[in-house]
Amino acid sequence: MADKPSTIARGSLGAIKWRRTVAFSFIVEIEMFNSSQKWMWRNVAILVAFACMIAGKILITKVDYTSNPDYLTMKVQVNNETEGSTVDVDGNLFLDVAQGVFVNIELDSKMDGEYMTMIGTSKELCSKEDTGMDPVVPLLNEELEKFGNLSFNCPFDKGYYRIRKFRMSNDHMLVKMVPAGEYIVKMDLQHQHTNDTEKVPVFKLSFYFEIS
């Protein structure tokens, strides 16, 4: 009888890892075989339901960031705590920006010692078109706004922005969508001036983290 609790625990853990891996595999297959980004994200939103029983702990191991001094100054600090990692962000935006803001967000997974892009999204934040199809930016905004006044909502008014103790809940759907492992989340924000064909880098931010 003494062996039953550990056996059950191992079985439960195996089931959790299996469900998480299955959900993530479906997402990867959708990205590979559907060229339409709208169709991909519609399916991703549906597949979140498969992960409703999965939870993981996030530990940030490294953060890299650069910012364009013509636009802003930025400081990012990671706090590794018992429950996982939290992030503090301080930024000072020097000008108002109300159009032509583009963000690219990628999730890279480490496989066989190398990082591969598993899923990503590109979005013009100030555009009124194609809203509501991609869940990643709205989900990030929903979480960011709980911890400060920084988000991906356009327009961006000049001034001071801050986030304190930002963390993704272990049972948040964005965490549940991926299996345990090593990852990088990359955020690349660019600005395109009116009547200009080139995009100017504003900031790049990369979080290296582990989900256990």
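Start by selecting serine 151, which is buried, with a relative accessible area of 13%. Keep in mind as you look around that this is a predicted model. Serine 151 sits in the loop between α3 and β6. Show its side chain and follow it to the backbone nitrogen of asparagine 153, which it reaches at 3.3 Å. Now display what surrounds this serine: leaving out residues up to four places away in sequence, serine 151 touches Asn141, Leu144, Glu145 and Phe156. Why does serine 151 count as buried? The cut-off for buried is under 20% relative accessible area, and serine 151 has 13%, so it falls in that class.

**A cis bond along the loop**

Stay in this part of the chain and select cysteine 154 together with proline 155. The peptide bond from cysteine 154 to proline 155 is cis, and its omega is near 5°. Proline 155 belongs to the loop between α3 (136–144) and β6 (159–166).

**Zoom out to the whole chain**

Switch to a cartoon view. How many helices and strands does the protein chain have? You should find four helices and eight strands. Walking along the sequence, you meet them in the pattern α-α-β-β-β-β-β-α-β-α-β-β. The protein chain has 212 residues, and 39% of them count as buried. If you turn on a surface, you are looking at about 12200 Å² exposed by the chain, with carbon and sulfur atoms supplying 56% of it. The chain also makes contacts across long stretches of sequence: among contacts between residues at least 6 apart, 65% join residues at least 24 apart.

**The sheet of three strands**

Next, select β2, β3 and β6. These three strands form an open sheet in the order β2-β3-β6, and their pairing is antiparallel. Which strands stand at the edges? They are β2 (72–81) and β6: each has a single partner strand, so one side of each is left without a neighbour in the sheet. From one strand to the next, the twist averages 10°.

A reminder about sheets may help here. Strands of a sheet pair through backbone hydrogen bonds, either parallel or antiparallel. For a case to look at, take β2 and β3 (residues 84–93), which pair in the antiparallel sense over 10 bridges. Pick out valine 78 and find its bridge partner in β3, valine 87.

**The sheet of five strands**

Now select β1, β8, β7, β4 and β5. Here you have an open sheet of five strands in the order β1-β8-β7-β4-β5, with antiparallel pairing. β1 and β5 stand at the edges, each with a single partner strand, so one side of each has no neighbour in the sheet. The twist averages 15° from one strand to the next. Add α3 to the view: α3 packs on this sheet, touching β4, β5 and β7, and its direction makes about 95° with that of β4.

Move to β1 and β8, which run antiparallel and are joined by nine bridges. To find one pairing, select serine 67 and look for its bridge partner in β8, phenylalanine 203.

**Into the nonpolar core**

In soluble globular proteins, nonpolar side chains tend to be buried together. To see such a group here, select Leu125, Phe152 and Leu189: of the 35 residues in the largest nonpolar core, these touch the most other members. Where do the core residues come from? β1 (58–67), β2, β3, β4, α3, β6, β7 and β8 each supply at least two. β8 gives the most, with six residues.

Centre the view on leucine 189. Leaving aside neighbours within four places in sequence, its contacts include Val101, Phe102, Val103, Leu125 and Phe152. Leucine 189 is also in contact with Val200, Pro201, Val202 and Phe203.

**Two exposed loop residues**

Finish with two residues in loops. Select aspartate 112, in the loop between β4 (101–111) and β5 (114–124). Its phi is near 55°, a positive value in a residue other than glycine. Is aspartate 112 buried or exposed? With 84% relative accessibility, aspartate 112 counts as exposed, because the cut-off for exposed is over 50%.

Last, go to asparagine 195, in the loop between β7 (181–191) and β8 (200–211). Asparagine 195 has a phi near 65°, again a positive value in a residue other than glycine. At 82% relative accessibility, asparagine 195 counts as exposed.

How values were computed
Residues numbered from 1 in each chain as written. Predicted model: local features only at pLDDT ≥ 70, side-chain atom pairs only at ≥ 80, totals over all residues. Heavy atoms only, no water. Buried < 20%, exposed > 50% of the residue type's maximum accessible area, 1.4 Å probe, protein only. Contact = heavy atoms within 4.5 Å. Areas by Shrake-Rupley, 256 points an atom, 1.4 Å probe, with all protein chains shown as cover. Polar contact = N/O pair within 3.5 Å; in protein donor to acceptor, adjacent residues only side chain to side chain. Pairing = 2+ DSSP bridges. Axes fitted to C-alpha atoms, helices over the stretch in contact; angles between N-to-C directions. Core = buried A, V, L, I, M, F, W, Y, C linked by side-chain atoms within 4.5 Å.
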